[in-house]
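Here is a short briefing on one protein chain. Please look over the sequence and the model before reading the notes.

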Amino acid sequence: MEDNGGGNNNMMKIKVTFGSNNFHVFTSPQSTFGDLKQEIAKATGVDPKAQTVLFRGKESEDHESLQMAGLKDNAKVILIENTPTKNEDVKKVEEIKVNIEEISRGLEAVNRVREEKQSVAEQVVSFETAVCSGTKIKDKDFIYLTEMLMRQLLKLDGIDAEGDGRMQRKLEVRRVQGLVEKLDNLRAKNSNLTSNVHDESSLNSSSKVNQEGEVSKL
């Protein structure tokens with residue numbers, strides 16, 4: 001970097017060390033550290049607000065006089081560039097990344113429960129078909145499916161989701177609650193049926209009711 005104002009006997013020459021670079025700036029003996037920073041900005045392009053100027057290892061306020069601080073001609077100072085804006089930007093980017101990861105994890109967890117719920121939802125539909133056709137289903141089969149749905153509600157409740165993940169979790173909770181309500185209504189209707197209970201063994205997680213309303217175990 002080139003010296004500024006060289007040869008002016010009314011100016012002080014200040015040596016500035018900036019990283020691995022050394023250069024000189026010139027300023028009036030009556031100048032303040034704020035004035036010095038302005039001269040340094042002209043030489044480096046570093047905004048005065050982003051400058052930390054150390055003299056004898058100490059940072060002075062912008063309004064302080066260079067003379068009062070002990071700076072004389074050929075005094076040496078160290079310049080450190082602060083980048084609060086850049087640091088804040090990096091922090092914001094990191095926060096955004098974390099939020100995206102949290103949302104992604106939440107969505108994945110909700111999707112896993114949704115996939116698990118699908119098979120149970122299909123069984124609820126099969127129960128509905130059977131009951132509406134007059135085929136009575138064993139009560140313990142209703143209890144089993146209800147327990148499966150309640151487990152899914154517990155899983156959803158345990159998912160820590162943000163943003164879209166939280167919204168999807170709420171929607172999924174409503175869907176599961178709707179299935180529980182439908183199952184309760186079907187159970188009440190089923191209890192009023194007078195037809196014989198089907199003699200197949202009770203359903204497990206892989207059982208379902210076929211299109212004719214007969215319970216079959218896969």
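The notes below cover the overall make-up, the sheet, helix α1, the later helices and the confidence of the model.

This is a predicted model, in which local features need pLDDT of at least 70 and side-chain atom pairs count only at pLDDT 80 or more, while totals for chains, interfaces and linings use all residues. Residues are numbered from 1 along each chain as its sequence is written, and side-chain values use heavy atoms, with hydrogens and water left out. The chain has 5 helices and 7 strands. Here helices (H or I, at least four residues) and strands (E, at least two) are DSSP runs, numbered from the N terminus.

**Overall make-up**

- From the N terminus on, the order of elements is β-β-α-β-β-α-β-α-α-α-β-β.
- The chain has 218 residues, and 33% of them count as buried. Buried means under 20% relative accessible area, exposed means over 50%, and partly exposed lies in between (1.4 Å probe, protein chains only).
- About 13400 Å² of the chain is exposed, and carbon and sulfur atoms supply 48% of that area. Accessible areas come from the Shrake-Rupley method with a 1.4 Å probe; for residues, only the protein chains shown count as cover.
- Take the contacts in the chain with a separation of 6 or more: residues 24 or more positions apart account for 63% of them. Contact means heavy atoms within 4.5 Å.

**The sheet**

- An open sheet is formed by 5 strands in the order β2-β1-β5-β3-β4, with mixed pairing. Two strands pair if DSSP finds at least two bridges between them.
- The edge strands are β2 (21-27) and β4 (58-59), and each pairs on one side only.
- β1 and β2 run antiparallel and are joined by 7 bridges. Lys-13 stands opposite Phe-26 in β2, and Val-16 stands opposite Phe-23 in β2.
- The hairpin of β1 and β2 has 2 residues between the strands, and Gly-19 takes a positive phi near 65 degrees there.
- β1 and β5 pair in the parallel sense over 4 bridges. Thr-17 has Ile-78 in β5 as its bridge partner.
- β3 (residues 51-55) pairs with β5 (residues 75-81) in the antiparallel sense, also over 4 bridges. Gln-51 has Glu-81 in β5 as its bridge partner.
- In a regular strand the side chains alternate between the two faces of the sheet.
- β1 shows alternation along its length: Met-12, Ile-14, Val-16 and Phe-18 point to one face and are buried. Lys-13, Lys-15 and Thr-17 point to the other face and are not buried.

**Helix α1**

- Helix α1 (residues 33-44) packs on the sheet and touches β1 (12-18), β2, β3 and β5.
- The direction of α1 makes about 125 degrees with that of β2. Axes are lines fitted to C-alpha atoms, for helices over the stretch in contact, and angles run from 0 to 180 degrees between N-to-C directions.
- Phe-33 is in helix α1. Phe-33 counts as buried because its relative accessible area is 1%.
- Leaving out residues up to four places away in sequence, Phe-33 touches Val-53, Ser-60, Glu-61, Asp-62, Glu-64, Ser-65, Leu-66, Ala-69 and Leu-71.
- Phe-33 and Leu-54 are 21 residues apart in sequence, and their C-alpha atoms are 10.0 Å apart.

**Later helices**

- The structure holds 1 aromatic pair. Rings of Phe, Tyr and Trp (its six-membered ring) pair if their centres lie within 6.5 Å; planes under 30 degrees apart count as stacked, over 60 as edge-to-face and the rest as tilted.
- The pair is Phe-127 with Phe-142, edge-to-face, at 5.0 Å centre to centre and 75 degrees between the planes.
- Phe-127 lies in helix α3 (residues 84-132) and Phe-142 in helix α4 (residues 139-157), 15 residues apart. Both Phe-127 and Phe-142 are buried.
- Lys-182 is in helix α5 (residues 164-191). Lys-182 counts as partly exposed because its relative accessibility is 33%.
- Beyond its neighbours within four places in sequence, Lys-182 contacts Val-124 and Glu-128.
- Lys-182 and Glu-128 are 54 residues apart in sequence and 8.7 Å apart in space, C-alpha to C-alpha.

**Confidence**

- The mean pLDDT of the chain is 77, and 73% of its residues reach 70 or more. pLDDT is the predictor's confidence in each residue, from 0 to 100.
- Among the elements, α1 has the highest mean pLDDT (93) and strand β7 (residues 215-216) the lowest (36).
- Over residues 198-218 pLDDT stays under 50, and the model has 42 contacts beyond four places in sequence for these residues.
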